[in-house]
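Q: I'm new to this structure and would love a close look at one part of it. Could you walk me through the nonpolar core and what surrounds it?

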Amino acid sequence: MGAVDRERWDARFAGLGAGEAGPPGVLVGREDLVPTSGRALDLACGRGTVAAWLARRGLAVDAVDVSPVGLAAGRELAPDVRWIEADLDDGLPVRGPYDVVVCQRFRDPALYPALVELLVPGGLLVISVLSGSGDTGGPFRAPPGELLAAFGHLDVRHHEEGHGEESLLAVRGVGGARGF
Ligand SMILES: C[S@@+](CC[C@H](N)C(=O)[O-])C[C@H]1O[C@@H](n2cnc3c(N)ncnc32)[C@H](O)[C@@H]1O
């Protein structure tokens, strides 16, 4: 990601200020899938509203984003989260394992295998991307079914697609030769 992209996100977040802690959209009504202890990671956390929600739920949270303005907003909500400024194009700045990994509305297919590897067996993946499904498509949108193709080998608890977004909740299995 270039400096221009970071500045664009900074400018967008500066206009919004701090948000409100809350679960990712796909978890609304399914919050019970999330444990109340252990470690959680929120990748491309934006203003940190999801990371703050995970922390309030009882998890020890690491949250990564390239935007210092977004991270500062998150810090206001939840000082106890470990806020990490990093460009995910340079690789993951954290080490697992985590009980929960969230990646909401940030798409990098090259990271998909690593997201699974970050999870403990039995850990929960919460992921959504802007998708070409039900939308006009575009260069940043995933082709329809991308998440199911990438994570269908996990124990998928919920999948939805439409209105320009694909979301998936899946648990990393505890057995199997490939470890998922
Ligand atoms: C659409 S927002 C989603 C934010 C948050 N996950 C949410 O759902 O509210 C995309 C986020 O990805 C971050 N981002 C974009 N490219 C990034 C990169 N290369 N490394 C880290 N974060 C990045 C942006 O700063 C922004 O916070």
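A: Here is a tour that starts in the core and works outward to the helices, loops and cysteines around it. Please keep in mind that this is a predicted model.

Let's begin in the middle. The largest nonpolar core has 26 residues. Those with the most contacts inside it are Leu 41, Val 64, Val 101, Leu 115, Leu 125, Ile 127 and Phe 151. Several elements feed this core: β1 (39–43), β4, α4 (112–117), β5 (119–130), α5 (146–151) and β7 (165–171) each supply at least two residues. The largest share, 4 residues, comes from β5.

Leu 115 is a good place to pause. Leaving aside residues up to four places away in sequence, Leu 115 touches Leu 43, Val 101, Cys 103, Leu 125, Ile 127 and Phe 151. Apart from this core lies another one, of 25 residues, and among them are Leu 27, Trp 53, Val 61 and Val 126.

Trp 53 takes us to helix α2. The buried residues of α2 are Val 50, Ala 51, Ala 52, Trp 53, Leu 54 and Ala 55. They pack against β1, β2, α3, β3 and β4. After α2 comes Gly 58, with a positive phi near 120°.

Helix α3, one of the partners of α2, spans residues 68–77. Its buried residues are Gly 70, Leu 71, Ala 73, Gly 74 and Leu 77. Seen down the axis of α3, these buried residues fall within an arc of 155°, so they line one face of the helix. A general point helps here: an α-helix has 3.6 residues a turn, so residues three or four places apart point the same way. The buried residues of α3 pack against α1 (3–14), α2 (49–57), β2 (60–65) and β3.

Now for the cysteines. You may wonder how many disulfides a search of the whole structure finds. The number is 0. Cys 103, which Leu 115 touches, is buried because its relative accessibility is 3%, and buried means under 20%. Cys 45 is buried too, with a relative accessible area of 8%. The sulfur of Cys 45 is 10 Å from the closest cysteine sulfur, in Cys 103, and that is too far for a bond, because a disulfide needs the two sulfur atoms within 2.5 Å. Seen from the other side, the closest cysteine sulfur to that of Cys 103 is the one in Cys 45, again at 10 Å and too far for a bond.

Next come some backbone details in the loops. As background, most residues other than glycine have a negative phi, and most peptide bonds are trans. Ala 44 is not a glycine, yet its phi is positive, about 55°. Ala 44 sits in the loop between β1 and α2 and is buried, with a relative accessible area of 18%. Arg 105, also not a glycine, has a positive phi of about 60°. Its place is the loop between β4 and α4, and Arg 105 counts as exposed at 54% relative accessibility. The peptide bond from Gly 96 to Pro 97 is cis, with omega near 5°. Pro 97 belongs to the loop between β3 and β4.

That loop, running between β3 (82–85) and β4 (98–104), also holds Arg 95. Arg 95 counts as exposed, because its relative accessibility of 71% is over the 50% cut-off. Not counting residues up to four places away in sequence, Arg 95 touches Arg 39 and Leu 118. Arg 95 and Leu 41 are 54 residues apart in sequence, while their C-alpha atoms are 9.8 Å apart in space.

Another arginine makes a nice contrast. Arg 172 lies in the segment after β7 and counts as buried, at 9% relative accessibility. Its side chain reaches two backbone oxygens: that of Val 116 at 3.1 Å and that of Leu 119 at 2.8 Å.

Finally, here is how a record labels part of this region. An unreviewed UniProt entry carries the annotation "domain: Methyltransferase" for residues 41–123. Over residues 41–123 the chain is 30% helix and 30% strand, and the end C-alpha atoms are 11 Å apart.

Definitions and conventions
Residues numbered from 1 in each chain as written. Predicted model: local features only at pLDDT ≥ 70, side-chain atom pairs only at ≥ 80, totals over all residues. Heavy atoms only, no water. Buried < 20%, exposed > 50% of the residue type's maximum accessible area, 1.4 Å probe, protein only. Contact = heavy atoms within 4.5 Å. Core = buried A, V, L, I, M, F, W, Y, C linked by side-chain atoms within 4.5 Å. UniProt positions renumbered as here; feature names shortened; annotations may be inferred. Polar contact = N/O pair within 3.5 Å; in protein donor to acceptor, adjacent residues only side chain to side chain. Arc of directions from axis to C-beta.
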